[in-house]
Amino acid sequence: MIEVMRLNGKKYWLNPHQIESMENNPDLTLTLLSGKKVVVKDSPEEIVDKIVAYRNRIGTFNQEL
């Protein structure tokens with residue numbers, strides 16, 4: 001799970017494997033595979049960095065080589 005910040009300042013934990021797309025309009029909207037949308041304060045770069053750190057932590061990148 002990665003931590004994201006909702007617009008109201010509350011922390012929210014999200015399974016990064018469920019993120020289908022991200023759109024900056026003007027706030028960052030994450031669209032999940034279920035179709036649910038989550039609007040967050042984080043930047044796209046922050047989300048990508050969190051996903052990379054998460055995948056490194058669980059060893060996903062080693063399995064993809």
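Met-22, Val-48 and Val-52 together make a nonpolar surface patch of about 200 Å² in this predicted model. Met-22 belongs to strand β3, which covers residues 19–24. Beneath the surface, 13 residues form the largest nonpolar core, and one salt bridge is counted. The points below treat the patch, the salt bridge, the core, the strands and the loops in turn.

**Surface patch**

- The nonpolar patch brings together Met-22, Val-48 and Val-52, with an area of about 200 Å².
- Met-22, a residue of strand β3, counts as partly exposed because its relative accessibility is 32%.

**Salt bridge**

- The count of salt bridges comes to one.
- This bridge links the side chains of Lys-50 and Asp-42, with a distance of 2.9 Å from N to O.
- Lys-50 has a relative accessibility of 27% and therefore counts as partly exposed.
- Asp-42, its partner in the bridge, is classed as buried because its relative accessibility is 8%.

**Nonpolar core**

- The largest nonpolar core holds 13 residues, of which Ile-2, Val-4, Leu-14, Ile-19, Leu-30, Val-40 and Ile-47 touch the most other members.
- Two or more residues of this core come from each of the elements β1 (2–5), β2 (11–14), β4 (28–32), β5 (37–40) and α1 (44–58).
- Val-40, which lies in strand β5, counts as buried because its relative accessibility is 1%.
- Apart from neighbours within four places in sequence, Val-40 is in contact with Val-4, Met-5, Arg-6, Leu-7, Asp-27, Leu-28 and Leu-30.
- Two of the residues in contact with Val-40, namely Val-4 and Leu-30, are also among the core residues that touch the most other members.
- Between the C-alpha atoms of Val-40 and Asn-24 the separation is 9.9 Å, and the two residues are 16 residues apart along the chain.

**Strand β4 and its pairing with β3**

- All five residues of β4 are buried, five of five.
- On one side of β4 the buried residues are Leu-28, Leu-30 and Leu-32, and on the other they are Thr-29 and Thr-31, which leaves both faces covered.
- β3 and β4 run antiparallel and are joined by five bridges.
- Within this pairing, Ser-21 has Thr-31 in β4 as its bridge partner.
- The two strands β3 and β4 form a hairpin, with three residues between them.

**Strand β5 and its pairing with β4**

- β4 and β5 pair in the antiparallel sense, and the pairing extends over four bridges.
- Leu-30 is placed opposite Val-38 of β5, and Leu-28 is placed opposite Val-40 of β5.
- Leu-28 and Leu-30 also appear among the contacts of Val-40.
- In a regular strand, side chains alternate between the two faces of the sheet.
- β5 shows such alternation: Val-38 and Val-40 point to one face and are buried, whereas Lys-37 and Val-39 point to the other face and are not buried.
- The hairpin of β4 and β5 has four residues between its strands, and in this hairpin Gly-35 takes a positive phi near 100 degrees.

**Loops and the cis peptide bond**

- Most residues other than glycine have a negative phi, and most peptide bonds are trans.
- The peptide bond from Asn-25 to Pro-26 is cis, with omega near -25 degrees.
- Asn-25 is located in the loop between β3 and β4, and Pro-26 is found in that loop between β3 and β4 as well.
- With a relative accessible area of 42%, Asn-25 is therefore classed as partly exposed.
- Asn-25 and Tyr-54 are 29 residues apart along the chain, and their C-alpha atoms are separated by 25 Å.
- Asn-15 is situated in the loop between β2 and β3, and it counts as partly exposed because its relative accessibility is 28%.
- Asn-15 and Met-5 are ten residues apart in sequence, with a C-alpha to C-alpha distance of 14 Å.

Terms used. Residues numbered from 1 in each chain as written. Predicted model: local features only at pLDDT ≥ 70, side-chain atom pairs only at ≥ 80, totals over all residues. Heavy atoms only, no water. Core = buried A, V, L, I, M, F, W, Y, C linked by side-chain atoms within 4.5 Å. Buried < 20%, exposed > 50% of the residue type's maximum accessible area, 1.4 Å probe, protein only. Contact = heavy atoms within 4.5 Å. Patch = residues over 30% accessible without salt bridge, like charges linked within 9 Å, V, L, I, M, F, W, Y side chains within 5 Å. Areas by Shrake-Rupley, 256 points an atom, 1.4 Å probe, with all protein chains shown as cover. Salt bridge = Lys/Arg side-chain N within 4 Å of Asp/Glu carboxyl O. Pairing = 2+ DSSP bridges.
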